[in-house]
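I wanted to look up ring pairs, charges over rings and the contact between the chains. My entries follow.

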Amino acid sequence: MIKDSPLIIGGKEIKNRFFLGTGKFKSKSDMKESIFQGQVEVVTVAMRRVDIDRHSENILEYLPEGTIVMVNTSGARDAEEAIRIARLAKAAAGIEWVKIEVINDSKYLLPDNYETVKATEKLVSEGFTVLPYMHPDLYAARELQAVGAAAVMPLGSLIGSGQGLEARRFIEVLIREIDVPIVVDAGIGRPSHAADAMEMGADAVLANTAVAAAGDSPTISKAFSMAVAAGRLAYLSKTMESKEIAAASSPLTGFLFDEKK
Amino acid sequence: MKIDITVNGGNRQIDEGTDLAALVDSLVKKNSGIIVELNETIVNRKNWNSRIVEAGDTVQLISFVGGG
């Protein structure tokens with residue numbers, strides 16, 4: 001039986017390679033139950049101005065103790081804004097894990113790789129554990145690795161689209177060429193997508209909408225965890241090659257019936 | 001006397017001499033989990049009632065929310 005090597009990010013050993021975003025859930029208790037059923041260790045949160053007319057509670061209060069909280073820099077349009085959000089999260093709650101998310105277009109929500117590299121470099125120098133969300137470009141990934149990113153998070157497809165691994169070929173390139181962990185993030189729609197990413201050799205998968213928008217979030221969160229674990233085992237087992245023609249699974253001799261003349 | 005400040009990107013008029021604690025309480029029912037930035041610097045909760053908001057100040061009330 002193969003023994004996996006641990007996933008280590010920012011000096012922490014992470015047992016569950018399924019990371020969960022906390023946005024868009026039907027309720028905070030639904031979100032909390034999803035974390036529990038999925039046995040999730042790593043979650044993302046965002047920072048926003050308080051809606052003065054209807055302030056709801058602090059989401060951090062709903063996260064189980066010991067959860068690794070990664071603040072995303074959603075809302076940031078450039079490196080400077082991303083850096084500011086990270087610093088705020090650290091000052092406010094001691095959060096040191098940051099998912100750099102720099103997006104300048106509201107239609108496709110595609111990340112700006114250039115600004116992402118700038119923000120990563122600065123925040124790494126300030127002691128943050130930085131996981132940049134990026135468009136799977138090999139040059140940008142190399143830069144991110146060079147400036148000290150703890151992992152690289154290429155998108156599978158457009159955020160919230162559930163399209164799955166549209167960018168698979170380019171994610172595969174990163175998996176082959178980049179040394180830091182690869183966390184596939186964005187566009188995951190079903191547990192089978194997550195299993196697929198792990199079979200390809202990704203180190204972890206992050207999903208949010210796929211869980212929050214499912215009919216039963218806690219149940220699908222559990223399914224995601226199982227799928228990620230299954231995909232990881234499959235990758236470690238080195239799955240078989242596919243063929244163009246059939247190859248029988250049962251013996252080709254000793255048939256019970258004579259050949260027809 | 002009233003003074004003009006900016007709160008979460010919008011203009012507001014408040015009484016001169018209002019401290020941050022009073023300002024926050026006038027805006028939200030429960031202030032748990034709220035982070036306050038005054039002119040782009042976080043003000044520690046324990047200092048809210050000793051910081052007086054001045055004319056032209058920019059105040060941000062921020063919290064952690066669900067996000068992907």
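I took rings of Phe, Tyr and Trp (its six-membered ring) as a pair if their centres lie within 6.5 Å, and as stacked if their planes are under 30 degrees apart. The model I worked on is predicted.

**Aromatic pair.** Over all chains I found 1 aromatic pair. A:Phe18 and A:Phe224 form this pair, with 5.1 Å centre to centre and 10° between the planes, and it is stacked. I noted that the pair links distant parts of chain A, 206 residues apart: A:Phe18 belongs to strand S3 (residues 18-21) and A:Phe224 to helix H8 (residues 217-237). I then checked exposure: A:Phe18 is buried because its relative accessible area is 0%, and A:Phe224 is buried, also with a relative accessible area of 0%.

**Charges over rings.** I found the charged end of A:Lys90 over the ring of A:Phe128, 4.5 Å from the centre. I also found A:Lys99 over the face of A:Tyr133, with 5.2 Å to the ring centre.

**Interface.** I listed 23 residues of chain B in contact with 29 residues of chain A. The two chains bury about 2,200 Å² between them, and carbon and sulfur atoms give 60% of that area. B:Phe64, B:Val65 and B:Gly68 supply 32% of what chain B buries against chain A, more than any other three residues.

**Polar links.** I counted 1 salt bridge between chain B and chain A. A:Arg84 and B:Glu37 form a salt bridge, with the closest N and O atoms 2.8 Å apart. I found 13 residue pairs in polar contact across the interface. On the side of chain B that touches chain A, the largest share, 7 residues, comes from S5(B).

Notes. Residues numbered from 1 in each chain as written. Chains lettered and ligands numbered in written order. Predicted model: local features only at pLDDT ≥ 70, side-chain atom pairs only at ≥ 80, totals over all residues. Heavy atoms only, no water. Phe/Tyr/Trp six-rings, centres within 6.5 Å; stacked < 30°, edge-to-face > 60°. Helix = DSSP H or I, 4+ residues; strand = E, 2+ residues; numbered from the N terminus. Buried < 20%, exposed > 50% of the residue type's maximum accessible area, 1.4 Å probe, protein only. Lys NZ or Arg CZ within 6 Å of the ring centre and 35° of its normal. Contact = heavy atoms within 4.5 Å. Buried area = accessible area lost by both parts, 1.4 Å probe. Salt bridge = Lys/Arg side-chain N within 4 Å of Asp/Glu carboxyl O. Polar contact = N/O pair within 3.5 Å; in protein donor to acceptor, adjacent residues only side chain to side chain.
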